[in-house]
Amino acid sequence: MKRGTLLIHNGHDADPVTGALGVPVVQTSTFDQRDVSKPQEYDYARSGNPTRKALEETIAVLEGGSKGYAFGSGIAAVSSVLGIFSAGDHIVTAEDIYGGSWRILNTFYKRWGLEATAVDAADPEAIRQAIKPNTKAVFLETPSNPLLKITDLKRCIGIAKEAGLLSIVDNTFMTPYLQQPLALGADIAVHSATKFLGGHSDAISGLAVTKTEELGKQVYAVQNGFGAVPGPWDVWLILRGIKTLKVRMEAQQASARKLAAWLSEHKQVAEVFYPGLEGHPGRTIHEAQADGPGAVLSFKTKTAESAIRFLGKVELAAAAVSLGGVETIASYPAKMSHASVPPQERARLGIADTLIRISVGLEDVEDLMADFDAALS
Ligand SMILES: *Cc1c(COP(=O)(O)O)cnc(C)c1O
């Protein structure tokens, strides 16, 4: 089956008990175990919940993995996956992974003895050079945030495999509709389901999918032991969002393509970053590993003042963090997602005071252009 069909028909077409097309929200903390001699599937909702299981099985099918797990947030999914490693282990990450992922590695896990080295993963050889005898995994994310840099997943995963390392890929920006890291060789895919999967800016949730059952057991031990699980209502919202992922992603991506091309020609815009643009340096690699450039782009204005003015004047985009919702969101990385990065480091990473990131929503793109034009001028 093709991916659009799988979003609808993935093993949860109808509830086997009632025939309901919506997955029932099982709002309970515990389960009756009258016959204690018989083990049963559900005993306590941290360990397992039928609504959550529906989402976990759905994401496993969509990512082509063997086991899926749901968490209370994307960062809970990342943290829980990192929980399979031990003190003394070392991880190589891309230097522009999601800020919260780097923060958990650089604070909490650092204190607990898990070491991490960040490299520019657009250069796969940099990954090879960072591998040490105690390296256990490579953690990648592509396209990167907020500059939409592309990492060659096959090459980087190949380097990890040669060295006997696990590969973990944060697939939030693309979703399994556009990119499937496990098919490219990765061992674990992680998601902030808060973004495109949920799609409506109304729930926080995270997901992880493992290629093998054995890795699944390790992640499950952290999910159950650490306990960063989502509630059934949030899970249900993500399940509902997934049903419309195809039409949302296709429409938002079509608008993003037009908006990126239009911005590239705009007098007040200095540079546009979008893997769907002709001149994007990672375009060929991206097209080989994903089915579209997605619906997130960023651009630089000519001055920092005009970036700040844009955020104040733009009407059809919320000035906010987050992405992947039906509404267009404009964010200002220097003061939002990357505010805690020291200015010098921000400059080195190219996160200028003129940089604005746009998550393109479902508004008519002509209206977005007119609004952006007014806000830029
Ligand atoms: C938002 C995001 C996360 C964190 O997810 P939360 O749901 O906010 O905890 C992780 N990775 C990427 C790429 C993200 O965009």
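This is a short talk on the two largest pockets of this structure, which is a predicted model.

A word on the approach. Rolling a probe the size of a water molecule over the atoms shows where empty space is left.

I'll start with the largest pocket. Its volume is about 1,000 Å³. If you have the structure open, go to Y98, G99, G100, S101 and S337, since those are the residues that lie nearest its centre, out of 45 in the lining. Five elements give two or more residues to that lining: α3 (74–82), α4 (99–106), β6 (188–192), β11 (329–331) and α14 (343–349). Of the lining, α4 provides the largest share, at six residues.

Where does the largest pocket lie with respect to domain 1 and domain 2? Domain 1 runs over 3–243 and domain 2 over 246–376. Both of them give residues to the lining, so the largest pocket lies between the two domains.

As for chemical class, the lining of the largest pocket holds 17 nonpolar, 18 polar and 10 charged residues.

Now the second largest pocket. The space in it comes to about 400 Å³. Here 21 residues make up the lining, and K53, E56, K67, Y69 and Y220 lie nearest the centre. To find the second largest pocket by elements, look at α2 (50–63), β1 (67–71) and α9 (213–226), each of which supplies at least two lining residues.

What is the make-up of this second lining by class? The count is nine charged, seven polar and five nonpolar residues.

That is the end of the tour.

Notes: Residues are numbered from 1 along each chain as its sequence is written. This is a predicted model: local features need pLDDT of at least 70, side-chain atom pairs count only at pLDDT 80 or more; totals for chains, interfaces and linings use all residues. Side-chain values use heavy atoms; hydrogens and water are left out. On a 1 Å grid over the protein atoms alone, a cavity is a set of points where a 1.4 Å probe fits but cannot get out, and a pocket is an open set with protein on both sides within 12 Å along at least five of seven lines; lining residues have an atom within 4 Å of a point. Grid points are joined across faces, edges and corners, and a volume is the space filled by probe spheres set on the points. Helices (H or I, at least four residues) and strands (E, at least two) are DSSP runs, numbered from the N terminus. Ala, Val, Leu, Ile, Met, Phe, Trp, Tyr, Cys and Pro count as nonpolar, Asp, Glu, Lys and Arg as charged, and the others, Gly among them, as polar. Domain bounds come from an automatic or database domain assignment.
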